[in-house]
Each structure stands twice: as structure tokens, then as C-alpha cells.
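User: I would like to learn how to read the surroundings of a ligand and the empty spaces in a protein model. Could you take me through them step by step?

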Amino acid sequence: MWNIRMRASKKYRRQKPRVRSQESDVRSRKTATTGLHISGAEGIYEASDITKITESYIKRALIHSRGTPDKIVITIEELEQRPRHIPLLPVHTVQCPTPDQARGIIMRSLTDLGISQKALIAGFRVLSAERTMRGAALVHATSGSRLEPDRARGIRVSRFGIEKSALRRLSRRLSRDGINTTAVREALLLASKVASHPAVIAEVCISDDPDYTTGYVASRSIGYTRIPNIKKRGDMRGGRVFFVTRKTGINALVAYLERAPVLLY
Ligand code: WAQ
Ligand code: MG
């Protein structure tokens, strides 16, 4: 089996030079090499699907609502370990007419899961920041402190895919509800891998695509809960926050999320 990853970005336009502290200078140089995140995608596939999938990823990168990239990186890598098989989270959709109500729904469900007010505030700060991250923030569920090693980049969840028969079943089920889209399928897979780690209590996700206004909260107990109108149309902000404990150590958690191959079913 092969892991195929795509990442598309665009260089930041030069801004007027201004006096900066040394620390922010280091940060801006780093961002300049990373560029503005446009889109990313990833999956685990059989060798025979590599050409087809790579082509579809390139097409997606070239036509994206966040803009036209000037760099597309595709990585095609054979898995070194056998993937673990893990079940998908169940999918629910709640009624939610406005972003204000979405905030209330998120606050209530995360508070019920034992996540502190401090952690919630830290999480919302990430989700409403103007500069979006390429990956997810790790927020400690009680202290609210940020635990990811690179705060500008975040943690990239990688090396997850779905079994072929499970994909057919999932597509049928989602089609019945009129939500069988790449956005939903890929987010459900990612959230299912994330929720499977014992140190993760919950995830909140808001798309950074200006025209995608449905987000979700996810956890082992509440499943994958979709929240329509989580943000206003046209808003370029978004992100992912994983509320976590130190139960297994942060290094083990990050290694699992970024590197351990998982096939969902
Ligand atoms: N690992 C960690 N974080 C990621 C990853 C990844 N592989 N990919 C994206 N992110 C973070 C990053 O900060 C993005 O800015 C943010 O998530 C949003 O990414 O059921 O489209 O790809 O209808 O814009 C949810 C679907 C779609 C809800 C979410 O996210 C539904 C979406 P996007
Ligand atoms: Mg996006």
C-alpha cells in the first residue's frame, strides 16, 4: 500500500518592511518559505491507483477556492508498516442556523467532555486567527496550553485511508443523506484516526475554504457531529484543534497522528 499526499501553497506577497523583534523575524522567514496554505489532501492506496489519484489531487490543487497555488508538492511513498484497521466514527448532523449557535453547541459538547473554559478559549483563538495553520493545534484539555512542537505549522495528520469495501458502504450511506462529497469523506477519515488515540478527548474543525461553512466536533463518545453554518460564507479563517491529555506523552501522540498508517473501515 502507498501513501499519497498533496500540499499546495502560494508565496506571501512582500509586505512593507517594518521594525521587528528578532523573534518575529525568525517566524516570518519561516512563513515565507512555507507560504500561504491553499489546500492539502492525502490517502492510502493500492499501487494500481497511484496515477489516477495523483491526477485528481493535482486538479484539486489547481482549482481551489482559496486561490491559485504557485507550488504543489506531491509525495508518493510506500508504507513501511502494515496499517492498523480502525472503525469510522458514526456520522450525525445537528441543526444549526448561525455561527453564534454553532459556538454554543461546540462549547456545550466540549464542556460535557470535561474540557476546561481555558482550553476552550485557547481553541477558539486558533480557529479565529487570521493566519491559518497548515496543520492542527494541540491544546491541553485542562490547562489550555499549546503542546505542538511547531506552533505555526501545527500537527499534520497523515497516513490514513479507507478499505475499498468500507468506502463503497460509506458512499452509499452518505449518498442517502445527500452528503457524499470528498470534503465529508476525507474529514470523517481524518477525524476517525484522530479520535482513535487514547490521549485525544475531542476535535473541532472549521474549514479554511471561504465557501465551506459546515464544520464538526468529533470524539469517541459523540462520534463525528457535523455543524452547519459554523462560520459565515466568505470567511478565509478556519483550522483544527485537538484537545488532548498528556496520558501517553506528546511525542507518542504526534508520532501516531503523523506517521502510523491507519486503514478505516
Ligand atoms: N492534519 C491536521 N490538520 C489539518 C490537516 C491535516 N491533514 N488538513 C487540514 N488541517 C487543518 C488546517 O489548519 C486547515 O486550515 C484546517 O484544518 C481546515 O482544513 O462533514 O475542508 O481542508 O461537511 O479546509 C469538514 C467537513 C471539511 C465537514 C473540513 O478542512 C462536513 C475542511 P480544510
Ligand atoms: Mg481547506
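Analyst: What follows is a reading of the ligand site, then of its pocket, then of an enclosed cavity, in a model that is predicted.

User: Which residues are closest to ligand 1, and how many surround it?

Analyst: One begins with the shell of neighbours. Here 22 residues surround ligand 1, and the closest are Val157, Asp208, Tyr212, Tyr224 and Arg226. By class, this shell divides into twelve nonpolar, four polar and six charged residues.

User: Which side chains place a polar atom by an oxygen or nitrogen atom of ligand 1?

Analyst: For this one looks for pairs of N or O atoms within 3.5 Å. A polar side-chain atom of serine 207 is 3.0 Å from an oxygen atom of ligand 1, and arginine 240 likewise has a polar side-chain atom 3.1 Å from an oxygen atom of the ligand. In the case of arginine 156, an N or O atom of the side chain lies 3.1 Å from a nitrogen atom of ligand 1. The protein buries 92% of the 700 Å² that ligand 1 exposes when taken alone.

User: Which elements give two or more residues to the shell around ligand 1?

Analyst: They are helix H6 (182-195) together with the strands E8 (200-206), E10 (223-227) and E11 (239-244). The largest share, four residues, comes from H6.

User: How is empty space found in the first place, and where does ligand 1 sit?

Analyst: Rolling a probe the size of a water molecule over the atoms shows where empty space is left. In this model, ligand 1 sits in the second largest pocket, whose volume is about 960 Å³. That pocket is lined by 40 residues, of which Gly40, Glu186, Ser207, Asp209 and Arg240 are the closest to its centre. Strand E2 (36-45), H6, E8, strand E9 (215-219), E10 and E11 each supply at least two residues of the lining, which by class comprises 18 nonpolar, twelve polar and ten charged residues.

User: What lines the largest cavity, and how much space lies in it?

Analyst: A cavity differs from a pocket in that the probe fits inside but cannot get out. The structure holds one cavity of 30 Å³ or more, and about 40 Å³ of space lies in the largest cavity. Its lining consists of Ile106, Leu110, Leu120, Gly123, Phe124, Leu127, Val204 and Phe243. Helix H3 (99-112) and helix H4 (117-127) are the elements that give two or more residues to this lining, and H4 gives the most, with four. By class, the lining has seven nonpolar residues, one polar residue and no charged residues.

Methods:
Residues numbered from 1 in each chain as written. Chains lettered and ligands numbered in written order. Predicted model: local features only at pLDDT ≥ 70, side-chain atom pairs only at ≥ 80, totals over all residues. Heavy atoms only, no water. Near = heavy atom within 4 Å. Polar contact = N/O pair within 3.5 Å; in protein donor to acceptor, adjacent residues only side chain to side chain. Areas by Shrake-Rupley, 256 points an atom, 1.4 Å probe, with all protein chains shown as cover. 1 Å grid on protein atoms, 1.4 Å probe; cavity = no way out; pocket = protein on both sides within 12 Å on 5 of 7 lines; lining within 4 Å. Sits in = over half its atoms within 2 Å of the grid points. Nonpolar A, V, L, I, M, F, W, Y, C, P; charged D, E, K, R; others polar. Points joined across faces, edges and corners; volume = space filled by probe spheres on them.
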